[in-house]
Amino acid sequence: MSDDPRDALPAAPSDALLDELLDVALDAARRAGALLRDKRPADLGVAGTKSSPVDVVTEMDLASEKLVLELIGTRRPDDGYLGEEGAERLGTSGVRWVVDPLDGTVNYLYGLPSWAVSVAAELDGRAVVGVVYAPERGELFHAVLGRGARLDGRPVTARPAPTWGQALIATGFNYVQSVRVRQAEVLLALMPEVRDVRRGGAAAVDLCDVAAGRLDGYYERGLAPWDRAAGCLIATEAGALVGGRPGRGPDGELTVAAAPGVYEPLQERLARLRAWAD
(Lines give C-alpha, C1' and ligand atoms only; values in the text may rest on other atoms or scores of the structure.)
Protein backbone atom coordinates (compact mmCIF):
# COMPACT_ATOMS: atom_id res chain seq x y z
CA MET A 1 0.00 0.00 0.00
CA SER A 2 1.31 3.43 -0.90
CA ASP A 3 2.16 5.93 1.84
CA ASP A 4 1.48 8.87 -0.49
CA PRO A 5 -1.52 10.77 1.05
CA ARG A 6 -2.67 11.68 -2.44
CA ASP A 7 -3.55 8.02 -3.00
CA ALA A 8 -6.29 8.34 -0.36
CA LEU A 9 -8.02 11.19 -2.18
CA PRO A 10 -11.03 10.32 -4.36
CA ALA A 11 -10.47 10.63 -8.07
CA ALA A 12 -11.77 13.85 -9.59
CA PRO A 13 -15.08 13.27 -11.37
CA SER A 14 -14.94 13.43 -15.13
CA ASP A 15 -16.36 16.40 -16.97
CA ALA A 16 -18.77 14.09 -18.74
CA LEU A 17 -20.18 12.81 -15.45
CA LEU A 18 -20.50 16.32 -14.01
CA ASP A 19 -22.25 17.50 -17.16
CA GLU A 20 -24.68 14.59 -16.97
CA LEU A 21 -25.44 15.16 -13.29
CA LEU A 22 -25.99 18.88 -13.88
CA ASP A 23 -28.37 18.16 -16.75
CA VAL A 24 -30.41 15.78 -14.58
CA ALA A 25 -30.45 18.22 -11.65
CA LEU A 26 -31.56 21.13 -13.82
CA ASP A 27 -34.28 19.05 -15.44
CA ALA A 28 -35.57 17.79 -12.10
CA ALA A 29 -35.58 21.23 -10.47
CA ARG A 30 -37.28 22.93 -13.42
CA ARG A 31 -39.98 20.30 -13.74
CA ALA A 32 -40.71 20.18 -10.02
CA GLY A 33 -40.70 23.96 -9.81
CA ALA A 34 -43.14 24.24 -12.69
CA LEU A 35 -45.41 21.68 -11.04
CA LEU A 36 -45.40 23.59 -7.77
CA ARG A 37 -45.98 26.95 -9.45
CA ASP A 38 -48.59 25.94 -11.99
CA LYS A 39 -50.54 23.21 -10.20
CA ARG A 40 -50.87 24.75 -6.75
CA PRO A 41 -54.48 24.18 -5.65
CA ALA A 42 -56.46 27.24 -4.66
CA ASP A 43 -57.52 25.43 -1.51
CA LEU A 44 -54.07 24.06 -0.64
CA GLY A 45 -54.02 22.68 2.88
CA VAL A 46 -51.77 20.77 5.24
CA ALA A 47 -51.36 17.07 4.48
CA GLY A 48 -49.38 16.28 7.62
CA THR A 49 -46.80 17.49 10.12
CA LYS A 50 -43.24 16.45 10.95
CA SER A 51 -41.20 17.68 13.91
CA SER A 52 -43.98 19.77 15.45
CA PRO A 53 -47.59 20.87 14.73
CA VAL A 54 -46.29 23.90 12.82
CA ASP A 55 -43.75 21.93 10.72
CA VAL A 56 -46.08 21.14 7.86
CA VAL A 57 -46.18 19.02 4.71
CA THR A 58 -48.58 19.76 1.86
CA GLU A 59 -49.80 17.50 -0.91
CA MET A 60 -47.56 19.47 -3.25
CA ASP A 61 -44.40 18.61 -1.27
CA LEU A 62 -45.28 14.97 -1.84
CA ALA A 63 -46.13 15.44 -5.51
CA SER A 64 -42.87 17.28 -6.13
CA GLU A 65 -40.80 14.59 -4.44
CA LYS A 66 -42.55 11.89 -6.47
CA LEU A 67 -41.78 13.71 -9.71
CA VAL A 68 -38.09 14.20 -8.84
CA LEU A 69 -37.64 10.65 -7.57
CA GLU A 70 -39.19 9.16 -10.71
CA LEU A 71 -37.17 11.38 -13.03
CA ILE A 72 -33.86 10.54 -11.37
CA GLY A 73 -34.81 6.86 -11.15
CA THR A 74 -35.45 6.78 -14.88
CA ARG A 75 -32.34 8.64 -15.95
CA ARG A 76 -29.90 7.27 -13.37
CA PRO A 77 -31.37 4.10 -11.87
CA ASP A 78 -28.18 3.03 -10.07
CA ASP A 79 -27.89 6.22 -7.98
CA GLY A 80 -28.87 6.63 -4.35
CA TYR A 81 -31.46 9.13 -3.17
CA LEU A 82 -32.29 11.03 0.02
CA GLY A 83 -35.35 13.28 0.07
CA GLU A 84 -37.03 15.35 2.75
CA GLU A 85 -40.42 13.70 2.49
CA GLY A 86 -39.11 10.26 3.36
CA ALA A 87 -37.89 8.81 0.07
CA GLU A 88 -34.54 7.06 0.48
CA ARG A 89 -32.75 4.39 -1.45
CA LEU A 90 -29.24 3.03 -1.58
CA GLY A 91 -27.37 3.14 -4.83
CA THR A 92 -24.44 1.32 -6.38
CA SER A 93 -22.93 4.09 -8.54
CA GLY A 94 -21.30 6.22 -5.84
CA VAL A 95 -23.74 9.05 -6.64
CA ARG A 96 -26.45 10.08 -4.19
CA TRP A 97 -29.10 12.70 -4.84
CA VAL A 98 -30.06 14.90 -1.88
CA VAL A 99 -33.33 16.68 -2.58
CA ASP A 100 -35.66 19.12 -0.89
CA PRO A 101 -38.69 19.01 -3.20
CA LEU A 102 -40.14 22.15 -1.61
CA ASP A 103 -37.89 24.25 0.60
CA GLY A 104 -39.95 26.92 2.33
CA THR A 105 -43.21 24.99 2.62
CA VAL A 106 -44.82 27.50 4.98
CA ASN A 107 -43.99 30.34 2.57
CA TYR A 108 -45.56 28.30 -0.23
CA LEU A 109 -48.64 27.55 1.88
CA TYR A 110 -49.15 31.26 2.57
CA GLY A 111 -48.46 32.41 -0.99
CA LEU A 112 -45.11 34.04 -0.22
CA PRO A 113 -42.56 33.90 -3.07
CA SER A 114 -39.48 32.70 -1.15
CA TRP A 115 -39.59 28.94 -1.76
CA ALA A 116 -37.56 26.67 -3.97
CA VAL A 117 -36.70 23.21 -5.20
CA SER A 118 -33.22 22.13 -4.12
CA VAL A 119 -31.39 19.31 -5.90
CA ALA A 120 -27.82 18.22 -5.15
CA ALA A 121 -25.74 15.35 -6.46
CA GLU A 122 -23.08 13.92 -4.17
CA LEU A 123 -20.24 11.71 -5.38
CA ASP A 124 -18.67 9.56 -2.68
CA GLY A 125 -20.22 11.81 -0.05
CA ARG A 126 -19.12 15.16 -1.52
CA ALA A 127 -21.52 17.53 -3.27
CA VAL A 128 -20.42 18.04 -6.86
CA VAL A 129 -23.57 19.56 -8.40
CA GLY A 130 -26.18 21.83 -6.85
CA VAL A 131 -29.31 23.43 -8.30
CA VAL A 132 -31.80 25.69 -6.52
CA TYR A 133 -34.82 26.84 -8.50
CA ALA A 134 -37.06 29.56 -7.04
CA PRO A 135 -39.93 29.81 -9.57
CA GLU A 136 -41.82 32.72 -8.01
CA ARG A 137 -38.61 34.75 -7.96
CA GLY A 138 -37.85 33.64 -11.52
CA GLU A 139 -34.36 32.51 -10.50
CA LEU A 140 -32.34 29.38 -11.21
CA PHE A 141 -29.05 28.98 -9.35
CA HIS A 142 -26.59 26.23 -10.08
CA ALA A 143 -23.01 25.26 -9.31
CA VAL A 144 -20.62 22.50 -10.30
CA LEU A 145 -17.59 21.67 -8.18
CA GLY A 146 -14.64 23.71 -9.42
CA ARG A 147 -16.63 25.63 -12.03
CA GLY A 148 -18.13 28.47 -10.00
CA ALA A 149 -21.74 29.42 -9.30
CA ARG A 150 -24.30 30.88 -11.66
CA LEU A 151 -27.68 32.59 -11.54
CA ASP A 152 -29.69 32.20 -14.73
CA GLY A 153 -26.45 31.39 -16.52
CA ARG A 154 -24.51 34.42 -15.24
CA PRO A 155 -21.61 34.04 -12.78
CA VAL A 156 -22.28 35.22 -9.24
CA THR A 157 -19.88 35.99 -6.42
CA ALA A 158 -20.21 36.75 -2.74
CA ARG A 159 -20.11 40.45 -2.00
CA PRO A 160 -16.99 42.11 -0.54
CA ALA A 161 -17.02 42.02 3.24
CA PRO A 162 -18.19 45.10 5.11
CA THR A 163 -17.10 45.80 8.64
CA TRP A 164 -18.79 43.54 11.19
CA GLY A 165 -21.11 46.31 12.35
CA GLN A 166 -22.36 46.84 8.78
CA ALA A 167 -23.02 43.17 7.96
CA LEU A 168 -26.48 42.06 6.85
CA ILE A 169 -27.07 38.59 8.27
CA ALA A 170 -29.87 36.09 7.65
CA THR A 171 -31.02 33.21 9.81
CA GLY A 172 -33.86 30.76 10.24
CA PHE A 173 -35.73 29.10 13.09
CA ASN A 174 -36.51 25.56 14.09
CA TYR A 175 -40.10 24.34 14.37
CA VAL A 176 -39.51 22.81 17.82
CA GLN A 177 -40.55 25.40 20.40
CA SER A 178 -37.74 24.82 22.90
CA VAL A 179 -35.10 25.11 20.18
CA ARG A 180 -36.75 28.22 18.78
CA VAL A 181 -36.64 29.93 22.17
CA ARG A 182 -32.90 29.29 22.38
CA GLN A 183 -32.43 30.58 18.83
CA ALA A 184 -34.22 33.78 19.79
CA GLU A 185 -31.77 34.27 22.66
CA VAL A 186 -28.84 33.95 20.26
CA LEU A 187 -30.46 36.38 17.85
CA LEU A 188 -31.12 38.88 20.63
CA ALA A 189 -27.41 38.89 21.48
CA LEU A 190 -26.27 39.10 17.86
CA MET A 191 -28.68 41.67 16.44
CA PRO A 192 -27.27 44.82 18.11
CA GLU A 193 -23.83 44.08 16.69
CA VAL A 194 -24.71 44.00 12.97
CA ARG A 195 -26.50 46.16 10.41
CA ASP A 196 -29.67 44.06 10.51
CA VAL A 197 -31.00 40.52 10.39
CA ARG A 198 -33.29 38.93 7.80
CA ARG A 199 -35.45 35.81 8.08
CA GLY A 200 -36.51 34.51 4.68
CA GLY A 201 -37.92 31.11 5.59
CA ALA A 202 -36.08 28.95 3.03
CA ALA A 203 -32.53 27.85 3.80
CA ALA A 204 -31.60 27.03 0.21
CA VAL A 205 -32.70 30.49 -0.94
CA ASP A 206 -30.77 32.18 1.87
CA LEU A 207 -27.60 30.32 0.93
CA CYS A 208 -28.07 31.36 -2.69
CA ASP A 209 -28.58 34.97 -1.62
CA VAL A 210 -25.18 34.82 0.09
CA ALA A 211 -23.77 33.49 -3.17
CA ALA A 212 -25.37 36.33 -5.15
CA GLY A 213 -24.09 39.04 -2.80
CA ARG A 214 -27.52 39.92 -1.43
CA LEU A 215 -26.54 38.94 2.09
CA ASP A 216 -23.22 39.25 3.88
CA GLY A 217 -23.80 36.11 5.90
CA TYR A 218 -26.22 33.43 7.02
CA TYR A 219 -26.40 30.95 9.86
CA GLU A 220 -28.89 28.41 11.08
CA ARG A 221 -29.13 25.59 13.56
CA GLY A 222 -30.83 22.31 12.74
CA LEU A 223 -30.55 22.10 8.96
CA ALA A 224 -30.94 18.65 7.44
CA PRO A 225 -28.77 17.48 4.52
CA TRP A 226 -31.49 18.31 1.98
CA ASP A 227 -31.80 21.85 3.37
CA ARG A 228 -28.16 22.69 2.78
CA ALA A 229 -26.57 20.34 0.21
CA ALA A 230 -27.17 22.35 -2.97
CA GLY A 231 -27.08 25.79 -1.36
CA CYS A 232 -23.78 25.21 0.43
CA LEU A 233 -22.09 24.16 -2.81
CA ILE A 234 -23.50 27.20 -4.62
CA ALA A 235 -22.30 29.54 -1.87
CA THR A 236 -18.85 27.93 -1.78
CA GLU A 237 -18.45 28.10 -5.55
CA ALA A 238 -19.42 31.79 -5.39
CA GLY A 239 -16.49 32.45 -3.08
CA ALA A 240 -18.24 32.38 0.28
CA LEU A 241 -16.84 30.44 3.20
CA VAL A 242 -19.10 27.67 4.47
CA GLY A 243 -18.77 25.69 7.69
CA GLY A 244 -20.35 24.94 11.03
CA ARG A 245 -18.95 24.90 14.52
CA PRO A 246 -15.26 25.92 14.60
CA GLY A 247 -13.19 23.23 12.97
CA ARG A 248 -16.18 21.46 11.47
CA GLY A 249 -18.16 21.55 8.26
CA PRO A 250 -21.85 22.45 8.04
CA ASP A 251 -24.03 19.94 9.81
CA GLY A 252 -27.25 19.58 11.78
CA GLU A 253 -25.87 21.53 14.71
CA LEU A 254 -24.83 24.65 12.80
CA THR A 255 -24.43 25.91 9.25
CA VAL A 256 -22.62 29.18 8.59
CA ALA A 257 -22.07 30.78 5.17
CA ALA A 258 -20.61 34.23 4.63
CA ALA A 259 -18.24 36.33 2.62
CA PRO A 260 -14.61 36.07 3.76
CA GLY A 261 -14.13 38.73 6.39
CA VAL A 262 -17.66 38.29 7.71
CA TYR A 263 -17.50 34.53 8.11
CA GLU A 264 -14.78 34.65 10.74
CA PRO A 265 -16.42 37.06 13.20
CA LEU A 266 -19.84 35.48 12.62
CA GLN A 267 -18.60 31.97 13.36
CA GLU A 268 -16.59 33.19 16.36
CA ARG A 269 -19.58 35.06 17.81
CA LEU A 270 -21.87 32.06 17.32
CA ALA A 271 -19.29 29.86 19.03
CA ARG A 272 -19.16 32.16 22.04
CA LEU A 273 -22.94 32.08 22.20
CA ARG A 274 -22.96 28.28 21.75
CA ALA A 275 -25.59 28.74 19.08
CA TRP A 276 -25.92 24.98 18.56
CA ALA A 277 -26.73 24.19 22.21
CA ASP A 278 -29.85 24.36 24.35
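# Worked exercises on a predicted model

Strand 3 (residues 80-83) and strand 5 run parallel to each other and are paired over 4 bridges. The model used here is a predicted one, and the exercises below start from that strand pair.

## Exercise 1: Around strand 3

Work out which residues pair with G80 and Y81, and which way the residues of strand 3 point.

*Step 1.* Begin on the side of strand 5, where R96 is the bridge partner of G80.

*Step 2.* Turn to strand 4, which runs antiparallel to strand 3 and is joined to it by 2 bridges. Here R89 of strand 4 stands opposite Y81.

*Step 3.* Follow the hairpin of strand 3 and strand 4: it has 4 residues between the strands, and G86 takes a positive phi near 105°.

*Step 4.* Now look at the side chain directions. In a regular strand, side chains alternate between the two faces of the sheet. Strand 3 has G80 and L82 pointing one way, with Y81 and G83 pointing the other way, and all are buried.

## Exercise 2: The sheet of 8 strands

Give the strand order of this open sheet, find its edges, and name the helices that lie across strand 5.

*Step 1.* The order is 4-3-5-6-7-8-9-10, and the pairing is mixed.

*Step 2.* Strand 4 (88-89) and strand 10 (154-156) each have a single partner strand, so they stand at the edges with one side left without a neighbour in the sheet.

*Step 3.* Helix 1 lies across strand 5, strand 6, strand 7 and strand 8, and runs at about 30° to strand 7.

*Step 4.* Helix 5 (residues 203-211) lies across strand 5, strand 6, strand 7, strand 8 and strand 10, running at about 105° to strand 5.

## Exercise 3: The largest nonpolar core

Find which residues have the most contacts inside the largest nonpolar core, and which element gives the largest share of it.

*Step 1.* This core has 34 residues, and I72, W97 and V129 are those with the most contacts inside it.

*Step 2.* Among the elements that each supply at least two residues are helix 2 (59-75), strand 5 (95-103) and strand 7 (126-134). Helix 1 gives the largest share, 10 residues.

*Step 3.* Take W97 as a sample. Leaving out residues up to four places away in sequence, W97 touches residues including L21, V24, I72, G80, L82 and V119.

*Step 4.* Another core, of 24 residues, lies apart from the largest one; A120, V132, A149 and A211 are among its residues.

## Exercise 4: Helix 6

Compare the expected and modelled spans of helix 6, then decide whether this helix is largely enclosed.

*Step 1.* Helix 6 (residues 225-237) has 13 residues; at 1.5 Å a residue these should span 18 Å, and the end C-alpha atoms are 18 Å apart, which agrees.

*Step 2.* Check the axis as well: helix 6 has a kink of about 25° centred on G231.

*Step 3.* Because 11 of the 13 residues are buried, helix 6 is largely enclosed by the rest of the structure. The buried residues include W226, D227, R228, G231 and E237.

*Step 4.* Just after helix 6, G239 takes a positive phi of about 100°.

## Exercise 5: The sheet of 5 strands

Lay out this open sheet and place helix 7 on it.

*Step 1.* The strands come in the order 12-11-13-15-14, with mixed pairing. Strand 12 (196-198) and strand 14 (241-243) are at the edges; each has a single partner strand, so one side of each lacks a neighbour in the sheet. From one strand to the next, the twist averages 15°.

*Step 2.* Strand 13 (residues 217-220) and strand 15 (residues 255-258) are antiparallel and pair over 4 bridges. T255 of strand 15 is the bridge partner of E220.

*Step 3.* Helix 7 (residues 263-272) packs on the sheet and touches strand 11 (168-171), strand 13, strand 14 and strand 15. The direction of helix 7 makes about 155° with that of strand 15.

## Exercise 6: Three residues to classify

Decide whether N107, D124 and R274 are buried, partly exposed or exposed.

*Step 1.* N107 lies in helix 3. Its relative accessibility is 9%, so N107 counts as buried, the cut-off being under 20%.

*Step 2.* D124 is found in the loop between strand 6 and strand 7. At 58% relative accessibility, D124 counts as exposed. D124 has a positive phi of about 55° although it is not a glycine.

*Step 3.* R274, in the segment after helix 7, is partly exposed with a relative accessible area of 44%. R274 is not a glycine, yet has a positive phi of about 50°.

Methods. Residues numbered from 1 in each chain as written. Predicted model: local features only at pLDDT ≥ 70, side-chain atom pairs only at ≥ 80, totals over all residues. Heavy atoms only, no water. Core = buried A, V, L, I, M, F, W, Y, C linked by side-chain atoms within 4.5 Å. Buried < 20%, exposed > 50% of the residue type's maximum accessible area, 1.4 Å probe, protein only. Contact = heavy atoms within 4.5 Å. Expected span 1.5 Å × (residues − 1). Bend = angle between axes of the 7 residues up to and from the residue. Pairing = 2+ DSSP bridges. Axes fitted to C-alpha atoms, helices over the stretch in contact; angles between N-to-C directions.
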